[in-house]
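Q: I'd like a close look at one part of this protein, taken slowly and with its neighbours included. Could you walk me through it?

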Amino acid sequence: MTGLAETPAAGSDRPITQAAPILQTTLPYTPWAEPAMRRLPGIQPLAPDLWLIRDEAYGAQMAERGRLIATHREAVHAMRPEAEDAAWELYDLVLADLAPRPGTVIGAAEVLRPDGVRVPLEGPPLVRLGRLVQEDFCLLQPGPEGPVLTGAILCFPASWLLAEKIGRPLGAVHGPVPQYDGMLAARVDRLCAGLAPGRPLWRANAHFYTDPALFQPRPEAAPRAKVAGPAPYLRSERQVLVRLPRTRAVVFSIHTYVVATESLSAAQRAALEAHPIGYDPARPA
């Protein structure tokens, strides 16, 4: 990969702007330095109790999620009819995960979050989840060409547009990503097919960004400018695959980190010299 940083194309569609950068203070892993994570798809086993995490950006990210859901729900939520049963199963699974956690109080009509915000339990299941945890969720269900994206709450898209991807198989969803060739696509399809309930898998990516905004939707056809690195920010997605036991749908969850490049540890910065990362690869010039 080249040591380049992405920047939004001129005139890109940014329907809502983030008031100020929302940053984590550290990145708790180093995907560009660990051999198992560098080798695509970089999948590793994960303990079930480490699926959903809350970090130091929780309050600010949750406020941003609430703002996006309230003002631009059509941009961050989509669900096909066949995904509804799986979405409710995911909703029940997440609430069961949150129930014993300190700071979370789940009632019949609302949830008290750890940041003190009371969230009414109303609306579609994925919208409810979007107001409760930092993770975004995508639902994948079988189709003739492999797993199909049938539902999502995606408040923090990293240079893709939910409306373009909903209803498409994974190969088409990842079409603009040059590394996602036929061999990698087949491996990912096999991973999804073999995923067992209670045995989640995870991976992470990392790319330079000049813009720290969490909400960065872009259509496939949008041009992208390149800016020579290093960039001021590094964006990483902690991605987890979970099999729902009843509907057998696969959940793809995304926990987004945005850190200032200067906040990386000395070891992480040194690893960047040995293993350079690039700009967001979704739209190579």
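**A close look at strand 7**

Q: Please take strand 7, residues 136–141. Which strands does strand 7 pair with, and which of its residues belong to a core?

A: Sure, and keep in mind that this is a predicted model. Six of the six residues in strand 7 are buried, so the strand is largely enclosed by the rest of the structure. Asp136, Cys138 and Leu140 point one way, Phe137, Leu139 and Gln141 point the other way, and all are buried.

Now the neighbours. Strand 13 (residues 250–260) runs antiparallel to strand 7, and five bridges join the two; there, Asp136 has Ile254 as its bridge partner. Strand 8 (residues 148–153) is also antiparallel to strand 7 and joined to it by five bridges, with Phe137 standing opposite Ile153. Strands 7 and 8 make a hairpin with six residues between them, and Gly146 in that turn has a positive phi of about 105°.

On to the cores. The largest nonpolar core has 54 residues, and Phe137 and Leu139 are among those that touch the most other members, along with Trp32, Trp51, Leu90, Val94 and Leu234. Strand 7 is one of the elements that each supply at least two residues of this core, and so are strand 13 and helix 4 (84–98). Helix 4 gives the most, with seven residues. Val94 touches Phe137, and its other contacts beyond four places in sequence are Trp51, Leu52, Leu129 and Val133. Cys138 belongs elsewhere: a second, separate core of 16 residues includes it together with Leu154, Trp160 and Leu170.

Conventions
Residues are numbered from 1 along each chain as its sequence is written. This is a predicted model: local features need pLDDT of at least 70, side-chain atom pairs count only at pLDDT 80 or more; totals for chains, interfaces and linings use all residues. Side-chain values use heavy atoms; hydrogens and water are left out. Buried means under 20% relative accessible area, exposed over 50%, partly exposed in between (1.4 Å probe, protein chains only). Helices (H or I, at least four residues) and strands (E, at least two) are DSSP runs, numbered from the N terminus. Two strands pair if DSSP finds at least two bridges between them. A nonpolar core is a set of buried Ala, Val, Leu, Ile, Met, Phe, Trp, Tyr and Cys residues joined through side-chain atoms within 4.5 Å. Contact means heavy atoms within 4.5 Å.
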